[in-house]
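Hi,

Here is the structure I promised to pass on to you. Have a look at it first, and then read on for what turned up when I went through it.

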Amino acid sequence: MTTEIDEIGYWSEIKLEILEKYAKPYNQILLKNQFHPSYIDGFAGAGHHKAKGSSRLIEGSPTRALGVDPPFERFFFVDSDADRVSRLKRIAGNRPNVHVYQGDCNDVLVDGIFPRISYARRERALCILDPYGLQLNWETIRAAGNSKAIEIFLNFPVMDNESKCALAQVRARF
Ligand SMILES: C[S@@+](CC[C@H](N)C(=O)[O-])C[C@H]1O[C@@H](n2cnc3c(N)ncnc32)[C@H](O)[C@@H]1O
């Protein structure tokens, strides 16, 4: 468990801005066409970060998702860290449409959350997958694809040693 929120660089702030800019028209288009948009965050984090080298507080992906206008109808946040999950629950407050889970998102998403997005009921979801390194299983991505209702926004770190291994594994498989 960690009690600290992460320090992030400017590249992570750009990622968060891209996410917000994408989510707004995603919801506009879906709602206009009578779909029901949900937001899923597999590696949700604590909800806030600190800017590297300063004390400036930055809203993280789940907090930004809650502020998107027009809004998502449902929110599903997952993190493996108990302290971060407690922070997320405080941010969610008493909103009945925000669901926070603690656990390995590979299990929670595939067994608990993805099945709640029904293609037939015109439910769709934007699923953010933002691991530090190699925590994401390819089976989880496959499950999202198989649903035909969930699109993923994968932030794939390419500059650390773990990710070089990940790239090597991808090349080995395909
Ligand atoms: C890069 S941070 C997420 C940042 C967040 N997406 C944002 O932009 O505000 C990665 C998070 O994944 C969590 N984590 C690591 N392994 C995990 C796993 N297997 N399942 C769920 N969460 C995990 C960590 O505790 C950490 O909070």
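**What turned up**

Of the 174 residues in the protein, 45% count as buried. Please keep in mind that this is a predicted model.

Let me start with the overall layout. The protein has six helices and eight strands, and from the N terminus on they follow the order β-α-β-β-β-α-β-α-β-α-β-α-β-α. If we take the contacts between residues at least 6 apart in sequence, 71% of them join residues at least 24 apart. The exposed surface of the protein comes to about 9,700 Å², with 53% of it supplied by carbon and sulfur atoms.

Next, the interior. The largest nonpolar core has 21 residues, and those touching the most other members are Y39, F72, F75, F77, V98, V100 and L126. Two or more residues each come from α1, α2 (61–66), β5, α3 (82–92), β6 (98–102) and β7 (123–129). Of these, α1 gives the most, with four residues. Y39 is a good place to centre your view: leaving aside neighbours within four places in sequence, Y39 is in contact with L19, S61, P62, A65, F72, R74, F75, F76, F77, L126 and I128. Another core, of 19 residues, lies apart from the largest one, and its members include F76, V108, L109 and I113.

Three of those names lead on to helix α4, where C105, N106, V108, L109 and I113 are buried. And what do the buried residues of α4 pack against? Their partners are β2 (36–41), β5, β6, β7 and α5 (138–147).

The largest pocket may be what you want to look at next. It holds about 820 Å³ of space. Its lining is made up of 34 residues, with D6, K15, D130, P131 and Y132 lying nearest the centre. The elements giving two or more residues to this lining are β1 (7–8), α1 (10–32), β5 (74–79) and α4 (105–113). The largest share, four residues, comes from α1. By type, the lining of the pocket divides into 13 nonpolar, 11 polar and 10 charged residues.

Two single residues are also worth a click.

- H49 sits in strand β3 (residues 48–51). Is H49 buried or exposed? H49 counts as buried because its relative accessibility is 11%, under the 20% cut-off. Not counting residues up to four places away in sequence, H49 touches I5, D6, I8, L16, R56, L57, I58 and G60. For the last of these, G60, the C-alpha atom is 6.2 Å from that of H49, with the two positions 11 residues apart in sequence numbering.
- L134 is found in the loop between β7 and α5. At 37% relative accessibility, L134 counts as partly exposed. L134 and P157 are 23 residues apart along the chain, and their C-alpha atoms are separated by 9.2 Å.

For a tour of the model, I would begin at Y39, with its contacts to F72, F75 and F77 among others, then move to the buried residues of α4, and finish at the centre of the pocket, where D6 and K15 are among the nearest lining residues.

Happy to talk it through whenever suits you.

Best wishes

How values were computed
Residues are numbered from 1 along each chain as its sequence is written. This is a predicted model: local features need pLDDT of at least 70, side-chain atom pairs count only at pLDDT 80 or more; totals for chains, interfaces and linings use all residues. Side-chain values use heavy atoms; hydrogens and water are left out. Buried means under 20% relative accessible area, exposed over 50%, partly exposed in between (1.4 Å probe, protein chains only). Contact means heavy atoms within 4.5 Å. Accessible areas come from the Shrake-Rupley method with a 1.4 Å probe; for residues, only the protein chains shown count as cover. On a 1 Å grid over the protein atoms alone, a cavity is a set of points where a 1.4 Å probe fits but cannot get out, and a pocket is an open set with protein on both sides within 12 Å along at least five of seven lines; lining residues have an atom within 4 Å of a point. Grid points are joined across faces, edges and corners, and a volume is the space filled by probe spheres set on the points. Ala, Val, Leu, Ile, Met, Phe, Trp, Tyr, Cys and Pro count as nonpolar, Asp, Glu, Lys and Arg as charged, and the others, Gly among them, as polar. A nonpolar core is a set of buried Ala, Val, Leu, Ile, Met, Phe, Trp, Tyr and Cys residues joined through side-chain atoms within 4.5 Å.
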